[in-house]
Structure formats: structure tokens, C-alpha cells
Amino acid sequence: MRRTHRTQHAIFTGAFLGAVAIALAGCSSTAAPDESTETTADGESFTIPQQTGVPPWAYTNDADDLIGMLPDLSSALAPYLGVTIENERTTWENSLLGLESEKYVFVPGADATPERLEKFDFAIALQDGYGFQVKTGNPEIADDMMALCGLSIGLPASSSPIQSLEEQSAACVEAGEAPIDIKTFPDWASADLAAQSGQVDTATATLSSMGYQAAENPDKWTITGPRYLQLEIGFAVPKGSEWGPRLVDAFNEMIADGTYAAIFDTYGTPGMMIEESHLVTE
């Protein structure tokens with residue numbers, strides 16, 4: 001039986017449609033940060049990396065249990081793939097490095113960007129976009145990308161939105177407006193702290209993460225500004241890996257039998273669901 005935890009109902013803003021969910025019984029397991037589980041092409045046991053501290057994607061509850069959409073999706077895949085899955089807490093950077101070194105067979109929750117497609121294929125599992133949040137009480141941002149001109153924006157280094165914001169900053173300058181001051185931080189939590197402390201005007205993050213935070217702390221965060229960078233998000237595998245098609249088949253079985261929808265309902269994010277998984281290779 002899966003660990004029980006308080007159901008989160010996020011305020012999710014975007015163009016995505018919800019779906020009806022049913023009850024789910026699953027199991028999420030964790031491994032210590034430095035532990036490893038043998039993974040082979042026909043392996044019986046896989047270790048799956050999970051970046052913690054990013055609710056509702058992957059985070060810990062008061063009992064230090066690893067919970068979230070990605071650990072639950074990863075664990076739920078096990079019977080469909082015919083393997084045992086253990087979720088390991090690690091950093092995002094080490095997740096992708098581990099995939100390149102064949103420590104991991106696949107990495108969950110990766111944006112399918114052109115840069116990453118040079119190294120990896122993606123079994124698409126969900127969808128999301130990016131937006132902005134400000135400290136509640138601070139000036140809100142108009143729903144237009146040009147409204148970002150002259151603002152300081154916090155986000156993690158090497159994260160997907162940087163290129164989009166750099167392009168928008170160039171558009172601001174071309175239009176005679178002030179450029180965007182893009183400030184990078186080690187992780188999402190640091191960028192959020194910068195917005196709360198006044199180091200930056202706003203922080204950008206996924207709509208799902210912001211919706212969760214706004215639902216949990218309405219007196220702390222206000223979602224505002226334009227929505228941008230709508231992305232397909234999947235489980236990354238090495239180029240040409242047999243696990244790409246196998247993951248697609250497993251996700252589609254989960255979608256068909258209701259297991260998939262139930263996970264998203266648990267975290268109040270049905271708008272992130274897709275109707276059918278597919279493989280992205282280029």
C-alpha cells in the first residue's frame with residue numbers, strides 16, 4: 001500500500017484540459033543518496049533518480065518520505081515493464097550525468113528540448129508550461145511578454161527558460177525597452193527565496209510548481225504575468241535505447257487502465273496529463 005499523505009489541490013493555470021481520475025494503489029520506495037542498485041538491459045531492479053524539493057514533482061513529507069508525481073509515476077511503471085524500481089534522491093545534474101554514464105536506464109521529468117534531444121530520446125509522460133510568480137503584495141505583471149522588459153527574473157542555472165528569456169530580452173532592446181536582468185541560482189528554491197527577499201522582481205517556474213505553492217501559501221505567492229514555453233516532458237533515455245518504446249507502451253497501458261490519471265488527481269494536477277504517450281527522438 002502506498003504511503004498516505006495529504007492530497008494537494010494546486011491552482012493550475014494554463015491551456016491544458018483536466019481528466020477524471022480513479023483511486024490508485026501504488027508504492028514509492030527510496031534509497032539513500034549514495035546507494036546504487038544494479039541496472040542492466042534486462043534488469044530485475046532499476047534505480048531511478050529523483051530530484052527532491054520541487055513539489056508537486058518530487059519532495060518529502062514531514063516523515064521524510066519521498067512523494068510526488070514523478071516518484072509515483074516511476075514506481076507505478078514497474079509492473080508494466082516487468083522490473084523492480086527503487087527511487088533514489090539525487091540532484092538534477094547528477095541524474096543526467098548518471099544517464100550518460102549508464103548508471104540509470106531512464107530519468108523522469110525531463111523537458112524534451114532541442115539541446116537534450118542531441119543526447120537523449122524522450123518517452124513523453126506529461127505536459128507543462130512556465131509562468132511567473134511574485135511575492136504577494138508586490139506589483140503584478142501584465143499578461144504580455146513585453147511586460148518583462150526591465151524586470152529582474154530569478155531561475156536556476158541551465159534551466160529550460162533561460163534561452164526564451166534571453167530571446168525576449170533581445171526583443172525588448174530592439175523595441176527600445178530595457179533588457180531583462182536574468183539572474184541564475186543553484187536551484188528553484190534559491191530562485192524563490194530571491195523573489196521573496198527582493199533580490200529579484202519575480203521568479204519563473206513551471207505552472208504546476210507555482211500552482212502548488214500558491215495553493216499552499218496564498219499569502220506568500222501570487223501567480224502573474226504571461227504564460228510561455230509550453231513543453232512536452234518525458235522520461236529521458238539514451239539515444240536509440242530499447243527502453244524508449246517500452247516506456248511509451250507502459251505509459252499508454254497506464255493511461256488506458258486509469259492508473260495514470262489517478263496519480264495526477266492525487267496531486268491536483270490533472271491539467272498536466274496527456275491523452276497518449278509517444279516517443280520524441282528529434
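The following exercises, each with a worked solution, concern a predicted model.

**Exercise 1. Overall composition**

Determine how many helices and strands the protein contains, and what share of its residues is buried.

Solution.
- Step 1. The secondary structure amounts to 8 helices and 12 strands.
- Step 2. The protein has 282 residues, of which 54% are buried.
- Step 3. Consider contacts between residues at least 6 apart in sequence: 76% of these join residues at least 24 apart.

**Exercise 2. Helix 1 against helix 8**

Describe how helix 1 and helix 8 are arranged, and state which residues make the contact.

Solution.
- Step 1. Two packed helices are described by the angle between their axes and the distance between the axes.
- Step 2. Helix 1 covers residues 69–81 and helix 8 covers residues 259–266; their axes come within 10 Å and cross at roughly 160 degrees.
- Step 3. Angles over 145 degrees count as roughly antiparallel, so helix 1 is roughly antiparallel to helix 8.
- Step 4. The handedness of this crossing is right-handed.
- Step 5. Helix 1 contributes M69, D72, L73, A76 and Y80 to the contact, while helix 8 contributes T259, Y260, I263 and F264.
- Step 6. By class, the residues of this contact comprise 7 nonpolar, 1 polar and 1 charged.

**Exercise 3. Helix 7 against helix 8**

Carry out the corresponding analysis for helix 7 and helix 8.

Solution.
- Step 1. The axis of helix 7 (residues 243–257) comes within 4 Å of that of helix 8, and the two cross at roughly 75 degrees.
- Step 2. The range from 65 to 115 degrees counts as roughly perpendicular, and helix 7 is therefore roughly perpendicular to helix 8.
- Step 3. On the helix 7 side, the contact is made by M254, I255 and D257; on the helix 8 side, by T259, Y260 and I263.
- Step 4. These residues divide into 4 nonpolar, 1 polar and 1 charged.
- Step 5. T259, Y260 and I263 of helix 8 also take part in the contact with helix 1.

**Exercise 4. Salt bridges**

State how many salt bridges the whole structure contains, then examine the pairs D64–R89, E88–K103 and K183–D181, including the burial of each partner.

Solution.
- Step 1. A search of the whole structure yields 6 salt bridges.
- Step 2. One pairs the side chains of D64 and R89, with an N to O distance of 3.1 Å. D64 belongs to the loop between strand 3 (59–60) and strand 4 (66–67) and R89 to strand 5 (residues 84–90), so the bridge ties together parts that are 25 residues apart in sequence.
- Step 3. With a relative accessibility of 45%, D64 is partly exposed, whereas R89, at 17%, is buried.
- Step 4. The side chains of E88 and K103 form another salt bridge, at 3.7 Å from N to O. E88 is in strand 5 and K103 in the loop between helix 2 (92–100) and strand 6 (107–111), 15 residues apart.
- Step 5. E88 has 0% relative accessibility and counts as buried; K103, at 36%, counts as partly exposed.
- Step 6. K183 and D181 also meet through their side chains, at 3.3 Å from N to O. K183 is partly exposed at 32%, and D181 is partly exposed at 35%.

**Exercise 5. The surroundings of L148**

Locate L148, decide whether L148 is buried or exposed, and list its contacts beyond four places away in sequence.

Solution.
- Step 1. L148 is situated in the loop between strand 7 (120–135) and strand 8 (152–156).
- Step 2. Buried means under 20% relative accessible area; L148, at 0%, is therefore buried.
- Step 3. Leaving aside residues up to four places away, L148 touches F132, I141, I153, L165, Q168, I180 and P226.
- Step 4. The C-alpha atoms of L148 and C172 are 8.3 Å apart, and the two residues are separated by 24 residues in sequence.

**Exercise 6. Positive phi values**

State the phi values of D64 and L229, and place each residue in the structure.

Solution.
- Step 1. Most residues other than glycine have a negative phi.
- Step 2. D64, although not a glycine, has a positive phi of about 65 degrees. The position of D64 is the loop between strand 3 and strand 4.
- Step 3. L229 likewise has a positive phi, near 50 degrees. This residue lies in strand 11 (residues 221–238).
- Step 4. L229, at 23% relative accessibility, is partly exposed; D64, at 45%, is also partly exposed.

Conventions. Residues are numbered from 1 along each chain as its sequence is written. This is a predicted model: local features need pLDDT of at least 70, side-chain atom pairs count only at pLDDT 80 or more; totals for chains, interfaces and linings use all residues. Side-chain values use heavy atoms; hydrogens and water are left out. Axes are lines fitted to C-alpha atoms, for helices over the stretch in contact, and angles run from 0 to 180 degrees between N-to-C directions. Angles under 35 degrees count as roughly parallel, over 145 as roughly antiparallel, 65 to 115 as roughly perpendicular and the rest as oblique. A crossing is left-handed if the near helix is turned anticlockwise from the far one by less than a right angle, and right-handed if clockwise. Contact means heavy atoms within 4.5 Å. Ala, Val, Leu, Ile, Met, Phe, Trp, Tyr, Cys and Pro count as nonpolar, Asp, Glu, Lys and Arg as charged, and the others, Gly among them, as polar. A salt bridge is a side-chain nitrogen of Lys or Arg within 4 Å of a carboxyl oxygen of Asp or Glu. Buried means under 20% relative accessible area, exposed over 50%, partly exposed in between (1.4 Å probe, protein chains only).
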